[in-house]
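Got the model open in your viewer? Switch to cartoon view, keep the selection box handy, and we'll walk through it stop by stop.

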Amino acid sequence: MDIEAISSLSCGASFFRSDLHIHSIGASHDVTDVNATPANIVDIAIAENLQIISITDHNEIDNVGAAIAHGVAKGILVIPGVELSTPEGHLLCYASNLDALARFFNRLSIAGRRTKDCRCQTGMAECLNILAGEGGFAILAHVEVPGAFEANVP
């Protein structure tokens, strides 16, 4: 399954088993499961009959390319993504390809990379504007938890 195959489907409703919010070892600071490698995540997704996934590590895109490559080899669509910890809350950001994700990510101000204190210092509105320029889209995450979007932007 790839973007072209999905795009060629009729405009009627189509449903795909998906998980677009997955963290991996070595990129998200809070992942401690050594088995959560990009390749293992793809293999487990296939075993669970998922058709589309996204690695959305916290403020990091290092493992996305490996997941995409393994997904291509195994026949599962891996959407390039990242979860940003912005000042207003968490934002799941998705791009059409790895290059677009990298261009977007490289325009952000990320402090404390690869630490538990890692944060995106670029505001949410600016993140959305930059992402739109790359043809991407975003979804708010964890809006209900203390210190998240609902509390920060009532």
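Before the first stop, a quick word on terms: a pocket here is an open set of grid points with protein on both sides within 12 Å along at least five of seven lines, and its volume is the space filled by probe spheres set on the points. Keep in mind, too, that this is a predicted model.

**Stop 1: the largest pocket**

Select Ile3, Leu77, Val78, Pro80 and Ser96. Of the 21 residues that line the largest pocket, these lie nearest its centre. The volume of this pocket is about 340 Å³. Now colour by element: α1 (3-7), α3 (64-74) and β3 (77-78) are the ones that give two or more residues to the lining. Which of them gives the most? That's α3, with three residues. If you colour the lining by residue class, you'll get 13 nonpolar, six polar and two charged residues.

**Stop 2: the parallel sheet**

You've just met β3, so stay with it and bring up its neighbours. Three strands make an open sheet in the order β1-β2-β3, with parallel pairing. β1 and β3 are the edge strands, each pairing on one side only.

Start with β1 (residues 18-22) and β2 (residues 52-55), a parallel pair held over three bridges. Select Ser18 and look across: Ile52 in β2 stands opposite. To follow the chain between these two strands, trace it from β1 through helix α2 (residues 38-47) to β2; this β-α-β crossover is right-handed.

Then move to the other side of β2. β2 and β3 also pair in the parallel sense, over two bridges. Pick Ile53, and its bridge partner in β3 is Val78, one of the residues you selected near the pocket centre.

**Stop 3: the loops around the sheet**

Show side chains and step through the loops.

- Phe15 sits in the loop between α1 and β1. Is this side chain's residue buried or exposed? With 76% relative accessibility, Phe15 counts as exposed, because the cut-off is over 50%. For a sense of scale, draw a distance from Phe15 to Gly123: the C-alphas are 33 Å apart in space, and the two residues are 108 apart in sequence.
- Ser24 belongs to the loop between β1 and α2. Ser24 is buried, at 0% relative accessible area, and its side chain makes a polar contact of 2.8 Å with the side chain of Asn63.
- Asn49 is in the loop between α2 and β2. Check its backbone: phi is positive, about 65°, although Asn49 is not a glycine. Asn49 counts as exposed, at 54% relative accessibility.
- Asn59 is in the loop between β2 and α3. Here is another non-glycine residue with a positive phi, near 55°, but Asn59 counts as buried, at 1% relative accessibility.
- Glu60 lies in the loop between β2 and α3 as well. What is joined to the side chain of Glu60 by a polar contact? The side chain of Arg113, at 2.4 Å. Glu60 is buried, with a relative accessible area of 1%.

**Stop 4: the cavity**

Next, select Ala27, Ser28, His29, His58, Arg114, Thr115 and Cys118: they line the largest cavity. How many cavities of 30 Å³ or more does the structure hold? Just one. The space in the largest cavity comes to about 30 Å³. Its lining divides into two nonpolar, four polar and one charged residue.

**Stop 5: the antiparallel strands**

Finish with β5 (residues 89-94). Five of its six residues are buried, so β5 is largely enclosed by the rest of the structure. Its partner β4 (residues 81-86) runs antiparallel to β5, and six bridges join the two. Follow the chain from β4 into β5 and you go round a hairpin that joins them through two residues. To see one rung of this pairing, select Val82 and its bridge partner in β5, Cys93.

Now look for β8 (residues 137-141). Five bridges join β5 to β8, again antiparallel. Select His90 to find its bridge partner Ala141 in β8. While you have the side chains on, remember that in a regular strand they alternate between the two faces of the sheet.

Technical notes. Residues numbered from 1 in each chain as written. Predicted model: local features only at pLDDT ≥ 70, side-chain atom pairs only at ≥ 80, totals over all residues. Heavy atoms only, no water. Pairing = 2+ DSSP bridges. Helix = DSSP H or I, 4+ residues; strand = E, 2+ residues; numbered from the N terminus. Right-handed = clockwise from strand over helix to strand, strands pointing away. 1 Å grid on protein atoms, 1.4 Å probe; cavity = no way out; pocket = protein on both sides within 12 Å on 5 of 7 lines; lining within 4 Å. Nonpolar A, V, L, I, M, F, W, Y, C, P; charged D, E, K, R; others polar. Buried < 20%, exposed > 50% of the residue type's maximum accessible area, 1.4 Å probe, protein only. Polar contact = N/O pair within 3.5 Å; in protein donor to acceptor, adjacent residues only side chain to side chain.
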